[in-house]
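Colleague: I would like to learn how to read a model like this one. Could you take me through it feature by feature?

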Amino acid sequence: MKSKKLNDKLKKEIRDGRLEIRMERRGLVISLREATLFPSGGEIVEPSTLPMLEVIAREVRTNPNPIRLEGHTDNVPIRTARFRSNWELSAARAIAMLELYAEQFGIDRARMSIGGFGDTVPVASNDTQDGRNRNRRVDIVILNQRAAAQDP
């Protein structure tokens, strides 16, 4: 999958800080900010994000590579009636994205997997509000062939 094509189609969203696209050794990572996708402490996808998620889905559908949906949180503990921990919240958000991509955008479930990482894979320091904001995210990872071969 070409990151330039997605960068062009999602220019406004990238500029507004709603998402970030980067290449990693494992493949293309589309990092979606929590504030864009979900209410604080929740896993219901915000309806206003559907047009952006549909643009991503159209590109993902044209590529046969496996997709991993990864939920991440900051290190501020959560304990609600719905979620006992950041682990549960991160996994629930990844599952919500899988359900959305399968049911609404027609991506084959067999191509997708999920991971809930809680606060164990930060992309920024949790010592600042900005860092915590960046760490609360869902990453859509389009795995390259090498990474896909290592996945179960």
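Modeller: We will go through salt bridges, a helix pair and a few single residues. Keep in mind that this is a predicted model.

Colleague: Let us begin with charges. How many salt bridges does the structure hold?

Modeller: The structure holds 20 salt bridges. The test is a side-chain nitrogen of Lys or Arg within 4 Å of a carboxyl oxygen of Asp or Glu. Take Arg22 and Asp139 as one case: their closest N and O atoms are 3.9 Å apart.

Colleague: Where in the chain do Arg22 and Asp139 sit?

Modeller: Arg22 belongs to strand β1, residues 19–24, and Asp139 to strand β5, residues 137–143. The two are 117 residues apart, and the pair links distant parts of the chain.

Colleague: Are Arg22 and Asp139 buried or exposed?

Modeller: Both Arg22 and Asp139 are buried. They also take part in a network of salt bridges. Its other members are Glu20, Glu24, Arg26, Arg33, Arg68, Glu70, Arg134 and Arg137.

Colleague: Which residue forms a salt bridge with Arg93?

Modeller: That is Glu34, with the closest N and O atoms 3.2 Å apart. Arg93 is in helix α5, residues 86–103, whereas Glu34 is in helix α3, residues 34–37. Here too the pair links distant parts of the chain, 59 residues apart. Arg93 and Glu34 are both buried.

Colleague: Now a pair in loops. What do the side chains of Arg82 and Glu43 form where they meet?

Modeller: Arg82 and Glu43 form a salt bridge, 2.9 Å from N to O. Arg82 is in the loop between β3 and α5, and Glu43 is in the loop between α3 and α4, so the pair ties together parts 39 residues apart in sequence.

Colleague: Why does Arg82 count as exposed?

Modeller: Its relative accessible area is 52%, and exposed means over 50%. Glu43 has 15% relative accessibility and therefore counts as buried. The cut-off for buried is under 20%.

Colleague: On to helices. What describes two packed helices?

Modeller: The angle between their axes and the distance between the axes. Here, the axes of α4 and α5 come within 11 Å and cross at roughly 70°.

Colleague: Why are α4 and α5 called roughly perpendicular?

Modeller: Angles of 65 to 115 degrees count as roughly perpendicular. The α4 and α5 axes cross at roughly 70°, so these helices are roughly perpendicular to each other. Their crossing is right-handed.

Colleague: Which residues meet between α4 and α5?

Modeller: From α4 come Leu50, Leu53, Ile56 and Ala57. From α5 come Met97, Leu100 and Tyr101. By class, this contact has 7 nonpolar residues, no polar and no charged ones.

Colleague: Now single residues. Where is Leu37, and which residues does Leu37 touch?

Modeller: Leu37 is in helix α3. At 0% relative accessibility, Leu37 counts as buried. Setting aside residues up to four places away in sequence, Leu37 touches Leu32, Ile44, Val45, Glu46, Thr49, Leu53, Met97 and Val138. Leu53 and Met97 also appear in the contact of α4 with α5.

Colleague: Is Asn135 buried or exposed?

Modeller: Asn135 is buried, with a relative accessible area of 0%. Asn135 lies in helix α6, residues 129–135. Beyond its neighbours within four places in sequence, its contacts include His72, Asp74, Pro122 and Asn126.

Colleague: What about Ile114 in strand β4?

Modeller: Ile114 is partly exposed, at 35% relative accessible area. Ile114 and Arg68 are 46 residues apart in sequence, yet their C-alpha atoms are 5.5 Å apart in space. Outside its neighbours within four places in sequence, Ile114 contacts Leu69, Ala91, Ala94, Ile95 and Leu98.

Colleague: How do sequence and space compare for Asn65 and Leu143?

Modeller: Asn65 and Leu143 are 78 residues apart in sequence and 6.1 Å apart in space, C-alpha to C-alpha. Asn65 is in the loop between α4 and β3. Its contacts, leaving aside neighbours within four places in sequence, are Arg111, Ile142, Leu143, Asn144 and Gln145.

Colleague: And what separates the C-alpha atoms of Thr120 and Lys9?

Modeller: A distance of 31 Å, with the two positions 111 residues apart along the chain. Thr120 lies in the loop between β4 and α6. Thr120 is partly exposed, at 45% relative accessible area.

How values were computed:
Residues are numbered from 1 along each chain as its sequence is written. This is a predicted model: local features need pLDDT of at least 70, side-chain atom pairs count only at pLDDT 80 or more; totals for chains, interfaces and linings use all residues. Side-chain values use heavy atoms; hydrogens and water are left out. Helices (H or I, at least four residues) and strands (E, at least two) are DSSP runs, numbered from the N terminus. Buried means under 20% relative accessible area, exposed over 50%, partly exposed in between (1.4 Å probe, protein chains only). Axes are lines fitted to C-alpha atoms, for helices over the stretch in contact, and angles run from 0 to 180 degrees between N-to-C directions. Angles under 35 degrees count as roughly parallel, over 145 as roughly antiparallel, 65 to 115 as roughly perpendicular and the rest as oblique. A crossing is left-handed if the near helix is turned anticlockwise from the far one by less than a right angle, and right-handed if clockwise. Contact means heavy atoms within 4.5 Å. Ala, Val, Leu, Ile, Met, Phe, Trp, Tyr, Cys and Pro count as nonpolar, Asp, Glu, Lys and Arg as charged, and the others, Gly among them, as polar.
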